[in-house]
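Open the model in your viewer and keep the selection panel at hand. The tour below goes stop by stop.

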Amino acid sequence: MDDETDIDDTLGHVAVVGAGAMGAGIAQVAAAAGHRVWLVDAAPGAAERAVASTRTALDGRVAKGRLGADEADGILERIEVATSVGDLPECALVVEAVPESLELKREVFGALAESQPPSTMLATNTSSIDVDAVADAVADPERVLGLHFFNPPVAMRLVEVVQGSQTSRAFVEHAVRLVQAWGKTPVRCRSTPGFIVNRVARPFYGEAQRLVEAGVADAATVDHVLREHGGFPMGPLELTDFIGQDVNLAVGTSVWEQTGRDERYAPTRLQQQLVERGDLGRKTGRGVYRWEGGRAVLDQPDLELAARLVGGPVETDPLARTLAMLVNEAVDLVHRGEATAEDVDTAMVLGVRYPKGPIAWGRELGFDTVERTIVALDAAFPGGRYRPSPALRDGGLT
Ligand SMILES: NC(=O)c1ccc[n+]([C@@H]2O[C@H](COP(=O)([O-])OP(=O)(O)OC[C@H]3O[C@@H](n4cnc5c(N)ncnc54)[C@H](O)[C@@H]3O)[C@@H](O)[C@H]2O)c1
């Protein structure tokens with residue numbers, strides 16, 4: 001399909017392949033927007049179980065008065081189970097949400113391309129796989145793109161619309177309009193490692209881990225600084241416990257590998273050791289912190305130390321280091337043409353609840369100050385991790 005083609009924006013059928021945590025939620029979002037939705041899963045009974053848990057979730061919202069009973073019934077009536085990809089009716093959009101394996105995704109896209117007409121938009125919900133590698137599995141890669149929903153898809157507003165190198169502009173624009181019609185906020189980005197959120201957020205975790213590793217401060221004090229002085233809703237060490245140290249390490253390692261092992265994304269010994277010990281955080285009851293009843297038991301921060309570190313030498317200032325690296329990463333992404341400044345800021349605020357977009361934050365701090373911080377960090381810790389983006393050197397984004 002060429003870029004000039006108008007794609008029919010009327011409510012077409014939607015299919016979701018993979019009825020796990022993400023697929024079930026995406027199906028609910030599409031059905032709530034009025035589409036007829038088909039859910040497919042390779043595991044026997046999995047799609048039926050997903051529909052049953054959607055029913056339970058909707059019943060709960062009806063009981064709390066947040067949703068009308070008729071509305072809930074309508075959503076459920078619009079979701080059907082299909083036994084295989086080959087049994088799907090002709091769809092306007094198919095979203096793939098099978099586990100994060102390129103081989104598996106290529107298999108699914110191969111089957112979809114054979115059974116769905118060329119006008120069907122094929123989207124992957126991958127968090128980290130290059131959209132081009134998935135698109136290569138089909139004869140007409142211009143209809144393949146990423147639709148990266150955040151967890152849980154029903155509650156999270158952000159969707160990264162990921163454009164592969166061969167995705168047609170018409171499909172991207174169609175996807176953007178569809179995401180908006182579903183009540184979500186789309187941001188556009190190229191298929192760069194980690195896309196926007198999982199790329200720009202890396203130093204939020206990495207700087208905190210390095211500070212603890214170096215003995216500058218304990219975890220509770222570093223988290224306190226980012227929360228209380230930075231305005232982040234949760235400190236990075238608590239957040240990685242909450243996400244799962246294994247999950248966070250896997251995302252970071254994937255970005256590191258995909259960037260040719262760029263020092264900026266190198267995993268830390270601290271996190272690797274947590275994972276090796278099985279101290280994964282919330283789900284195992286122990287990570288950086290002890291977890292009880294789904295909450296971290298935070299140690300007392302050293303307030304006096306925190307006050308000394310903030311505004312002190314940049315090498316030991318958790319806030320200055322983290323902010324400079326976040327701004328650098330965000331500016332670099334925009335500089336490479338992978339997303340707009342506006343979309344990067346929207347993505348970080350909606351996707352990971354940063355109190356401000358990093359580009360706006362950079363403007364406030366002054367891009368020259370950010371650059372000086374990174375140059376100072378490079379002098380203190382040589383090796384390539386602390387490299388100012390060329391855009392910072394040019395005075396930031398105009
Ligand atoms: N969980 C998250 O926080 C999150 C967030 C954003 C994106 N993602 C991405 O979404 C995708 C799905 O993640 P999830 O957490 O929902 O996984 P999940 O393991 O909960 O669900 C995957 C489902 O796919 C099914 N499946 C496996 N092979 C299949 C096949 N060939 N055909 C049809 N169904 C198949 C499985 O039976 C399972 O029910 C992954 O690519 C993941 O990276 C996950």
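Buried means under 20% relative accessible area, exposed over 50%, and partly exposed in between, with a 1.4 Å probe and protein chains only. Helices (H or I, at least four residues) and strands (E, at least two) are DSSP runs, numbered from the N terminus. The model is predicted: local features need pLDDT of at least 70, side-chain atom pairs count only at pLDDT 80 or more, and totals for chains, interfaces and linings use all residues. Residues are numbered from 1 along each chain as its sequence is written, and side-chain values use heavy atoms, with hydrogens and water left out.

**Stop 1: strand β7.** Select residues 158-163. Six of the six residues are buried, so β7 is largely enclosed by the rest of the structure. Check both faces. L158, E160 and V162 are buried on one side, and V159, V161 and Q163 are buried on the other.

**Stop 2: the neighbours of β7.** Two strands pair if DSSP finds at least two bridges between them. Add β6, residues 144-149; five bridges join β6 to β7 in the antiparallel sense. Here F149 stands opposite V159. Now add β8, residues 185-190, which runs parallel to β7 over six bridges. Q163 has R190 as its bridge partner in β8. Follow the chain from β7 through helix α6 (residues 169-181) to β8: this β-α-β crossover is right-handed. That is, with the strands pointing away from the viewer, the path from the first strand over the helix to the second runs clockwise.

**Stop 3: the annotated span.** Select residues 13-190. An unreviewed UniProt entry places "domain: 3-hydroxyacyl-CoA dehydrogenase NAD binding" here. The span is 40% helix and 21% strand, and its end C-alpha atoms lie 26 Å apart.

**Stop 4: the aromatic pairs.** The structure holds eight aromatic pairs. Rings of Phe, Tyr and Trp (its six-membered ring) pair if their centres lie within 6.5 Å; planes under 30 degrees apart count as stacked, over 60 as edge-to-face and the rest as tilted. Show F204 and F232. Their ring centres are 4.7 Å apart and their planes are at 40°, so this pair is tilted. F204 lies in helix α8 (202-213) and F232 in the loop between α9 (219-229) and α10 (236-243), so the pair ties together parts 28 residues apart in sequence. F204 counts as buried at 1% relative accessibility, and F232 counts as buried at 3%. Add Y205, Y354 and W361: with F204 and F232 they form one aromatic cluster.

**Stop 5: a charge over a ring.** Finish at R282 and F242. The charged end of R282 sits over the ring of F242, 4.2 Å from its centre. The criterion is NZ of Lys or CZ of Arg within 6 Å of the ring centre and within 35 degrees of the ring normal.

Technical notes
UniProt positions renumbered as here; feature names shortened; annotations may be inferred.
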